[in-house]
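Got the model open in your viewer? Let's walk through it one selection at a time.

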Amino acid sequence: MSAETPKRPPALRFGRDSRLAQSRDFARVRQQGERLALGCLIANWNKLPDGAKPKLGVVTSKKIGGAPERSRARRLLRESFRLHQHEFAQPVELVLVARNSIAGKNFADVEKDFLAALNKAKLLKN
RNA sequence: UUGGAAGGGCGGAGAAUCGCUUUCAGCGCAAGUUGGAAGAGGAAAGUCCGAACACCAUUGGGCGCGAUGCCGCGUAACUCAAGUCCGUUCGAUUGAGAUACACGCGGGCGGAAUGAAAAUUCCGACGGAUAGUGCCACAGAAAAUUAAACCGCCUUUGGACGCAAGUUCAGAGGUAAGGGUGAAAAGGUGCGGUAAGAGCGCACCGCGCGAAGCGCAAGCGACGCGGCACGGAAAACCCCAUCGGGUGCAAGGCCAAAUAGGGAAUCCUUGGAGCGGCCCGCUCCAGUCCGCGAAAGCAGACGGAUUCCGGGUAUCGGUCGCACAGAUAAAUGAUUCUCUCCGCUCGUAAGAGCGCAGACAGAAUUCGGCUUACAGCCCUUCCAAAACC
RNA sequence: CGGAGCGUAGCUCAGCCUGGCUAGAGCACUUGGUUUGGGACCAAGACGUCGCAGGUUCAAAUCCUGUCGCUCCGA
């Protein structure tokens, strides 16, 4: 993970243990965690102790559109998290809520909003 | 060739890297890791019908409720049997049985449009109005029980006027041909008939009843009889016949260990908390047992069912293999390259450039149907226009 | 998976059950009056594919069928 082993970057995996799966996990993060709205998403997060794995949950409500739009929004947000999961300053439980404006956006736009939100929340390393 | 209508079909291809779900194989005590294979649709949608499947209820019948309502044929999941080919494709075997008052096809009958007709096209919730109750606004004399006299027509009585023919006023009666109202006025046309009229009589048409014959049937119907009785509407209530028990995979099951919470047992022993200055004591909790009642999990659920070979007590191993999405805060994604389709621009052309393969849309127990959405392309038939032969 | 309701003028609703009358009410809008001017008030006016399509009927906002959209509820 440190800069001294740049030859083999850490694996960008996103398995079951990187996801929030239960309703009470979502409720805990959204009630007790911190919150920030920016661009096409709303971020809720709860800091975890060092050494834990970061976890992600995505909420796509019916307001976004039909099932294809909701699935696409979820996949784009999840991919953004997957590609940048090792850049967190501290492990967090993160719940991303998609807003209406995400419909029709491509991956680059969504990734930009994702990084901007995390920067503003001071969750990234740099 | 272009445009339109109807019907049917397709709904990009190949590759690289990083990921996800399922599964197989290898390595590893395990966590895991490496490699292979597979991974959204014609509508997966709406949830509008029906079926399967599961559980609950159930002697039988009645009432009620709902659905269906011309005739014939056909069709799924499913079940059974045979076979074990094909290898991933264009197409993942064949045969038989079974169900549908889902639906499809064909036919009959009815209606509408076009037409001189024949006919063609389209549409039809297509049992019953003589089982009963109720309704038919406005207009009109009258709107359904024996129909009904506003104008008119005819006969006639009385009065007035007039030489008379006759005119007019009032009344009595006949009359449904004509006018007028209406969506609809109680058969139509013609001839006879009559004071005037009238199925009053006759012919044809229509209607009703019967019927040889034809057709699997719905039904058609030569011919005969009847003077005509039967308005509309059951998508008003209703009657008749047929069918339907209810709930739905969040159905319905299972769960080693452990648990929020709960119940039981027990104060013998142990720990903790409270009352108390301390001990004894008392109370509570945990420890013990029970337990799917919440979360989580397994399974239902997407299948190697079956055959053959070898050994065995159960059964195990191998082989062939009709299988070939199986998620659960819910996989099927991200980035990039090449090709092709289509559109636009430039160009005589070859071609070049631009446009995110660009529409509707994401499986959730399974199957069949219906309906709705849909960029672009292809095929068939028909119609119209233009060009050519 | 199952159930219930709604769609009528720019907005909020009535009328639908039991078909016919001019599709109506309030707010909003326009014009005129009143006032020094505005508001309020008075008078007049305009505003409707009754969500869409088809059917039944002489006649449909109303009855029936299909369809589209929206809202809510239960496990």
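**Stop 1: Leu41 and the core**

Start by selecting Leu41: apart from neighbours within four places in sequence, Leu41 is in contact with Leu77, Leu96, Val97, Ala98, Arg99, Ile102, Asp113, Phe114 and Ala117. Contact here means that the C-beta atoms, placed from the backbone, lie within 7 Å. Before you click on, note that this is a predicted model, where local features need pLDDT of at least 70 and side-chain atom pairs count only at pLDDT 80 or more, while totals for chains, interfaces and linings use all residues. Residues are numbered from 1 along each chain as its sequence is written, and chains are lettered from A and ligands numbered from 1 in the order in which they are written.

Now add Leu77, Leu94, Leu96, Ala98 and Ile102 to Leu41, and you have the residues with the most contacts inside the largest nonpolar core, which has 23 residues. β2 (41-47), β3, α2, β4 and α3 each supply at least two residues of that core, and β4 gives the largest share, five residues. A nonpolar core is a set of buried Ala, Val, Leu, Ile, Met, Phe, Trp, Tyr and Cys residues joined through C-beta atoms within 7 Å. Buried means 20 or more other C-beta atoms within 10 Å of the residue's own, exposed means 12 or fewer, and partly exposed is in between, with C-beta atoms placed from the backbone.

**Stop 2: the whole chain**

Zoom out and colour chain A by secondary structure: there are three helices and four strands, in the order α-β-β-β-α-β-α along the sequence. Helices (H or I, at least four residues) and strands (E, at least two) are DSSP runs, numbered from the N terminus. Buried residues make up 26% of the 126 residues in chain A. Of the contacts in chain A with a separation of 6 or more, 80% are between residues 24 or more positions apart.

**Stop 3: β3 and its partner**

Select β3 next. Four of its five residues are buried, so β3 is largely enclosed by the rest of the structure. Show β4 (residues 92-98) as well: the two strands pair in the parallel sense over five bridges, where pairing takes at least two DSSP bridges. Val59 stands opposite Val97 in β4. Bring in α2, and β3, α2 and β4 make a left-handed β-α-β unit. For reference, a crossover is right-handed if, with the strands pointing away from the viewer, the path from the first strand over the helix to the second runs clockwise.

**Stop 4: the RNA side**

Which residues are closest to RNA strand B? Pick out Ser23, Gly66, Ala67, Arg75 and Phe107, from a total of 25 that surround the strand. The elements giving two or more residues to this surface are α1 (23-32), β3 (55-59) and α2 (67-83), and α2 gives the most, with eight residues. Near means a C-beta atom, placed from the backbone, within 6 Å of the strand.

**Stop 5: three single residues**

Go to Phe26 in helix α1. Phe26 counts as partly exposed, with 17 C-beta neighbours inside 10 Å, and touches Leu20, Gly57 and Val95, not counting residues up to four places away in sequence.

Jump to Arg72 in helix α2: buried or exposed? Arg72 counts as buried, with 21 C-beta neighbours inside 10 Å.

Finish at Lys122, in the segment after α3 (107-120). Lys122 is exposed, with 8 other C-beta atoms within 10 Å. Check the backbone there: Lys122 has a positive phi of about 60 degrees although it is not a glycine.

Definitions and conventions:
Contact = placed C-beta atoms within 7 Å.
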